[in-house]
Amino acid sequence: MIELTSKQRKNLEKLAHNLNPIVIIGGAGLTEGVTNMVASSLEAHELLKIKFNEYKDEKHELTQEICQTCDATLVRIIGNVAILYKQAENPDNRIIKLD
């Protein structure tokens, strides 16, 4: 998990604005399948949105658990949508360049 500056955070928010949520937390909650989907999506895209259709009261705790499990960084939670970022390990594969 990396620490983001406010400038980096704002830049990632702008990039995520037009993205649709890739992962949706529903009635089953945070399952291993959801965690695996988040991890593989972060590997492919670096930046993603997670929508909470259920468990809206626990979204902060669930997002922290996802971030710890997937070694991702929380950009921001807006409403019932969490924006997560994980920088690609190989510098040549990075889609998003942080300042």
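Which strands does helix H2 (residues 32-45) lie across? In this predicted model, H2 lies across S1, S2 and S4, and its direction runs at about 150° to that of S2. To see what that looks like, it helps to start with the sheet itself.

The sheet is an open one, built from four strands in the order S1-S2-S4-S3, and its pairing is mixed. Strand S1 (23-25) and strand S3 (73-78) sit at the edges, each pairing on one side only. On average, and ignoring direction, neighbouring strands are turned by 25° against each other. As a general point, strands of a sheet pair through backbone hydrogen bonds, either parallel or antiparallel. Here S1 and strand S2 (residues 47-52) take the parallel option, with three bridges joining them. Within this part of the sheet, Ile 25 stands opposite Phe 52 in S2.

The other end of the strand order goes the antiparallel way: S3 and S4 are paired over five bridges. Ile 77 has Ala 82 of S4 standing opposite. S3 and S4 make up a hairpin, with two residues between them. One residue of the turn, Gly 79, has a positive phi of about 65°.

Back to the helices. Helix H1 (residues 6-16) also packs on the sheet, where H1 touches S2, S3 and strand S4 (81-85). The direction of H1 makes about 60° with that of S3. So S2 and S4 are touched by H1, and H2 lies across S2 and S4 as well, along with S1. 

Helix H2 has a helical partner too. Two packed helices are described by the angle between their axes and the distance between the axes. For H2 and helix H3 (residues 59-70), the axes come within 10 Å and cross at roughly 60°, which makes H2 oblique to H3. The crossing in which H2 passes H3 is right-handed. On the H2 side, the contact involves Thr 35, Val 38, Ala 39 and Leu 42, and these meet Ile 66, Thr 69 and Cys 70 in H3. By residue type, the contact divides into five nonpolar, two polar and no charged residues.

Thr 35 deserves a closer look. This residue lies in helix H2 and has a relative accessibility of 13%, so Thr 35 counts as buried. Setting aside neighbours within four places in sequence, Thr 35 is in contact with Leu 30, Thr 69 and Cys 70. Of these, Thr 69 and Cys 70 belong to H3.

Key
Residues numbered from 1 in each chain as written. Predicted model: local features only at pLDDT ≥ 70, side-chain atom pairs only at ≥ 80, totals over all residues. Heavy atoms only, no water. Pairing = 2+ DSSP bridges. Axes fitted to C-alpha atoms, helices over the stretch in contact; angles between N-to-C directions. Contact = heavy atoms within 4.5 Å. Parallel < 35°, antiparallel > 145°, perpendicular 65-115°, else oblique. Left-handed = near helix turned anticlockwise from the far one by under 90°. Nonpolar A, V, L, I, M, F, W, Y, C, P; charged D, E, K, R; others polar. Buried < 20%, exposed > 50% of the residue type's maximum accessible area, 1.4 Å probe, protein only.
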